[in-house]
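Reader: I would like to go through one protein chain by question and answer. Please show it to me.

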Amino acid sequence: MNIEAYNKLVQECKQHNVTLVAVSKTKPVEDILALYNLGQRDFGENYVQEFIEKQQQLPKDIRWHFIGHLQTNKVKQIVGIAALIHGVDSFKLLKEINKQSAKINVTTTCLLQIHIAQEETKFGLDEEEANALMRELENLNMNNVNIAGLMGMASFTNDENQIRKEFQYLKSLQSKLSTANCQLSTLSMGMTADYTIAIEEGSTMIRVGSLIFGERKPTE
């Protein structure tokens, strides 16, 4: 674990009023606890089973972020546990989150995942789909979800101009999609390779793993 890099990152985030989510997927609870003891409270996980196991073993004041692709049949396992679900990429998924949240009388905070990258492999809504979803929200009585903002992943490229354009596009959508009843104040964009550009372009939340915890093995 790179404590020096972590401390530098914390200072950058404080300076720009950005929330740091430490991406702890595949990392042992001991590493998470070490960071927790330094004051970190926001951690991000990608896999439901691992998410649940870690949540059960670690301090209860940790704010768990589910940042992976969430299948509708796994929703009931994480509502009530996740402080924030980053990857809502369909209206079907949002309805299921609302349904399962209503069953246990909680409100689940979510971000809409927008497809901003050139790669087809990344999940997310396009602008038209996001607009349609926001219109549906205005019409439906979905009291158990709170759409707090947007999330996006830039293209995996060394072209900084491309990355910057994609983040600028996501930032522009934030104001376009916000409504009187739903202010999309959170902008989750930026990871280890591109978080500095993301912060410059208005990110309010970055998701950083390998810079803090070290590189993952290729199989991970």
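The questions below deal with one helix and one lysine.

Author: This is a predicted model, in which local features need pLDDT of at least 70, side-chain atom pairs count only at pLDDT 80 or more, and totals for chains, interfaces and linings use all residues. Residues are numbered from 1 along each chain as its sequence is written, and side-chain values use heavy atoms, with hydrogens and water left out.

Reader: On which side of H1 do its buried residues lie?

Author: Buried means under 20% relative accessible area and exposed over 50%, with partly exposed in between (1.4 Å probe, protein chains only). In H1, the buried residues are Ala5, Tyr6, Leu9, Val10, Glu12 and Cys13. They cover an arc of only 165 degrees around the axis (taken from the directions from the helix axis to the C-beta atoms), so they lie on the same side of H1.

Reader: Which residue caps the N-terminal end of H1?

Author: A polar contact is a pair of N or O atoms within 3.5 Å; within protein, one must be able to donate a hydrogen and the other to accept it, and residues adjacent in sequence count only if both atoms are side-chain atoms. Here a side-chain oxygen lies 3.3 Å from the backbone nitrogen of glutamate 4, and the oxygen belongs to asparagine 2.

Reader: Is lysine 54 buried or exposed?

Author: Lysine 54 is found in helix H3 (residues 48-57). Its side chain makes a polar contact with the side chain of glutamate 45 at 2.9 Å. With a relative accessible area of 5%, lysine 54 is buried.

Methods
Helices (H or I, at least four residues) and strands (E, at least two) are DSSP runs, numbered from the N terminus.
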